[in-house]
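Here are my notes for your first look through this structure. Keep the viewer open and go point by point.

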Amino acid sequence: MLTFNDLIRDCLAGVREIMPWDLAARMAGNSDLLVVDVREPYEFDAMHIRGSLGVPRGIIESACEWDYDETVPELAASREREIVVVCRSGRRSVMAAAVMQLLGYQNVVSLSTGLRGWNDYEEPLVDREGRVVDEEVADDFFTSKLRPDQRRPQVGIQ
C-alpha cells in the first residue's frame with residue numbers, strides 16, 4: 001500500500017521543482033508566466049500570489065481540457081506556456097504538475113516549499129480583494145492545525 005508521501009516521491013521522479021526565489025525571478029523576467037494555485041477556493045481567497053490562477057487540485061484534469069463544465073480557458077490554452085504550480089506546502093502542486101505533464105503540458109514545474117516557503121522568503125501574498133496579507137497572518141494560516149483525531153494512532157502506548 002502506498003502512502004501520500006510515496007505518491008509525492010513517485011511524482012517527483014518526473015517533475016521539476018523550483019524554489020521561491022526562482023519563481024520571483026521568473027515572474028520578473030517572463031510576463032507570460034502562468035502561476036496555477038491548486039489549493040481549495042477558501043485557501044485561494046484567503047491569500048495567493050497576485051495574478052495567479054486558482055484551479056483546485058480536485059478538478060485539475062478537466063480544468064486543463066476543453067469542453068468540460070470545469071474548463072478554465074486560460075489553462076486549457078496554455079500547453080506551450082511556462083507554468084509554475086503552487087500549493088501550501090509543495091505536495092499537491094507536485095501531483096498536479098505530474099498530471100499536467102501527462103496531459104501534454106510541456107513546461108510545467110512545481111514550487112518547492114509551496115506558499116509557506118514563498119511567505120518565508122518574504123514575497124507578497126494578496127487576499128481575494130487584492131489587499132496584501134501580513135506575513136504573520138500568512139504564517140499562522142500556513143501552520144498545520146492537526147486535531148488529535150487526525151493524528152496516527154499510537155499502537156501499544158497507554
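1. Start with G114. Leaving out residues up to four places away in sequence, G114 touches C87, R88, S89 and G90. You'll find G114 in helix α7, and with a relative accessibility of 0% it counts as buried. Bear in mind as you look around that this is a predicted model. If you want a feel for distances, try P153: G114 and P153 are 39 residues apart in sequence, and their C-alpha atoms are 28 Å apart in space.

2. Next, have a look at S110, which sits in strand β5. Is S110 buried or exposed? Its relative accessible area is 0%, so S110 is buried. Which residues does S110 contact once its neighbours within four places in sequence are set aside? They are V15, R16, E17, I18, V85, G90, S93, V94 and A97. G90 turns up here as a contact of S110, and G90 is also touched by G114.

3. Three of those contacts of S110, namely S93, V94 and A97, are also listed among the buried residues of helix α6. The full set of buried residues in α6 is S93, V94, M95, A96, A97, A98, V99 and M100. That makes eight of the eleven residues of α6, so the helix is largely enclosed by the rest of the structure. What does the covering of these buried residues include? Among the elements involved are α1, β1 (residues 17-18), α4, α5, β4 and β5 (residues 108-111). Just after α6, look for G104, which has a positive phi of about 100°.

4. One of those covering elements, α1, deserves a closer look. How are two packed helices described? By the angle between their axes and the distance between the axes. Here the axes of α1 (residues 4-12) and α6 (residues 92-102) come within 9 Å and cross at roughly 45°. The two helices are therefore oblique to each other, and α1 passes α6 in a left-handed crossing.

5. Now for the side of that pair where the residues meet. From α1 come F4, L7, I8, C11 and L12, and they meet V94, M95 and A98 in α6. By class, this contact has eight nonpolar residues, with no polar and no charged ones. V94, M95 and A98 are also on the list of buried residues of α6.

6. For a contrasting spot, go to E82, in the loop between α5 (residues 73-76) and β4 (residues 83-86). Where does a glutamate like this end up, buried or exposed? E82 counts as buried, because its relative accessibility is 15% and the cut-off for buried is under 20%. The side chain of E82 makes a polar contact of 3.3 Å with the side chain of R26, and another of 2.7 Å with the side chain of N30. Leaving aside neighbours within four places in sequence, E82 is in contact with R26, N30, D32, L33, L34 and N107.

7. T71 is another loop residue worth checking, this time between α4 and α5. At 17% relative accessibility, T71 counts as buried. A polar atom of the T71 side chain lies 2.5 Å from the backbone oxygen of E65, and a polar atom of that side chain lies 2.9 Å from the backbone nitrogen of Y68. Not counting residues up to four places away in sequence, T71 touches S62, A63, E65, W66 and A76. E61 is ten residues from T71 along the chain, and their C-alpha atoms are separated by 8.9 Å.

8. Finally, two backbone angles to check. Most residues other than glycine have a negative phi. D67, in the loop between α4 (residues 60-63) and α5, has a positive phi near 75°. D67 counts as exposed, because its relative accessibility is 78%. E122, in the loop between α7 (residues 114-120) and α8 (residues 135-142), has a positive phi near 65°. E122 is exposed too, with a relative accessible area of 57%.

Terms used
Residues are numbered from 1 along each chain as its sequence is written. This is a predicted model: local features need pLDDT of at least 70, side-chain atom pairs count only at pLDDT 80 or more; totals for chains, interfaces and linings use all residues. Side-chain values use heavy atoms; hydrogens and water are left out. Axes are lines fitted to C-alpha atoms, for helices over the stretch in contact, and angles run from 0 to 180 degrees between N-to-C directions. Helices (H or I, at least four residues) and strands (E, at least two) are DSSP runs, numbered from the N terminus. Angles under 35 degrees count as roughly parallel, over 145 as roughly antiparallel, 65 to 115 as roughly perpendicular and the rest as oblique. A crossing is left-handed if the near helix is turned anticlockwise from the far one by less than a right angle, and right-handed if clockwise. Contact means heavy atoms within 4.5 Å. Ala, Val, Leu, Ile, Met, Phe, Trp, Tyr, Cys and Pro count as nonpolar, Asp, Glu, Lys and Arg as charged, and the others, Gly among them, as polar. Buried means under 20% relative accessible area, exposed over 50%, partly exposed in between (1.4 Å probe, protein chains only). A polar contact is a pair of N or O atoms within 3.5 Å; within protein, one must be able to donate a hydrogen and the other to accept it, and residues adjacent in sequence count only if both atoms are side-chain atoms.
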